[in-house]
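Got the viewer open? Let's walk through this one together, a selection at a time.

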Amino acid sequence: MKKIKVLPAFFITLQLMAMTAFGQNNTEKKAVKGFALLELYTSEGCSSCPPADELMVRIQNEYKEDNVYILAYHVDYWDRQGWKDIFSNADFTKRQYEYSTFLGKEQVYTPQLIVNGKADYIGSQETIVKAAIKSALSQPVVADLYLEASQSNNNLTVNYAVEGTSKNSSLLIAIVQKHANSNVKRGENANRVLSHYQIVHQLQSVDLSKAKKGTTSIRLPKNFEAKEFEIIGFVQDKKSGSILAVNKTVLQQISL
């Protein structure tokens with residue numbers, strides 16, 4: 001039976017701090033620096049979306065030393081316009097509409113980019129998006145999230161520990177494919193090969209009202225390969241939509 005385990009690189013640091021928590025793949029600096037969680041709502045059927053997808057990979061490369069995390073959700077309401085997005089999911093459309101309530105918006109659109117659950121922007125407007133990232137990174141961190149995960153066959157087991165959040169928060173765990181290409185044959189992007197980045201395949205919610213430490217299991221997508229995917233977890237206030245903490249684990253294969 002194949003097993004893959006996320007190796008917590010700063011495990012020793014956590015021991016020294018005597019924290020009952022699980023490791024992450026970065027240093028303790030994440031506990032003091034601000035973060036920016038970018039949630040992009042996109043679709044292969046939208047001709048305005050490819051520039052936003054391309055901007056996300058540039059941002060990921062430019063801010064790779066910062067606490068910037070990107071999630072691309074492919075919505076399904078464009079699927080009725082001549083081309084079905086192979087990554088689309090009705091649950092992601094539902095999440096986008098939930099944000100419209102949080103943000104007081106009457107409509108949703110693509111490419112919509114939401115930063116830290118607090119404000120939305122047109123996802124292709126580079127100058128404005130970078131200003132939003134700069135502002136988010138300057139904000140103090142109010143909570144900490146620690147993750148450790150292991151794979152057994154088609155299931156992923158995630159151990160988590162959260163500190164500094166209210167009882168109204170939830171932990172969301174995203175299974176993210178780092179990159180994929182798609183040959184679009186119809187719709188607004190007909191006859192184009194589109195490149196996608198940080199594609200969310202699954203998003204699982206864990207209620208933190210009873211316990212801020214525990215374990216959850218997630219069914220992995222059929223095409224899952226550890227080197228091509230990563231796990232991003234974030235804590236969200238259920239009343240305001242604000243993101244309180246975020247972290248990720250890069251899957252590493254180990255021999256048993």
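Colour the protein chain by secondary structure and you'll find 4 helices and 13 strands; helices (H or I, at least four residues) and strands (E, at least two) are DSSP runs, numbered from the N terminus. This is a predicted model, where local features need pLDDT of at least 70, side-chain atom pairs count only at pLDDT 80 or more, and totals for chains, interfaces and linings use all residues. Residues are numbered from 1 along each chain as its sequence is written, and side-chain values use heavy atoms, with hydrogens and water left out.

Next, switch on a surface. The protein chain exposes about 12300 Å², with 48% of that supplied by carbon and sulfur atoms (Shrake-Rupley method, 1.4 Å probe; for residues, only the protein chains shown count as cover). Of its 256 residues, 52% are buried, meaning under 20% relative accessible area (1.4 Å probe, protein chains only).

Now select helix α2, residues 49-62. How far apart are its end C-alpha atoms? They sit 20 Å apart, which agrees with the 20 Å expected for 14 residues at 1.5 Å a residue (the expected span is 1.5 Å times one less than the number of residues). Show the side chains: the buried ones in α2 include C49, P50, L55 and I59. Among the elements covering the buried residues of α2 are β2 (36-42), α4 (126-137) and β9 (192-207).

Last stop: strand β10, residues 213-219. G214, T216 and I218 make up its covered face, while K213, T215, S217 and R219 lie on the uncovered one. Add β7 (residues 155-163), which pairs with β10 in the antiparallel sense over 7 bridges; two strands pair if DSSP finds at least two bridges between them. Opposite T216 in β10 you'll find V158.

Technical notes: Buried means under 20% relative accessible area, exposed over 50%, partly exposed in between (1.4 Å probe, protein chains only). Contact means heavy atoms within 4.5 Å.
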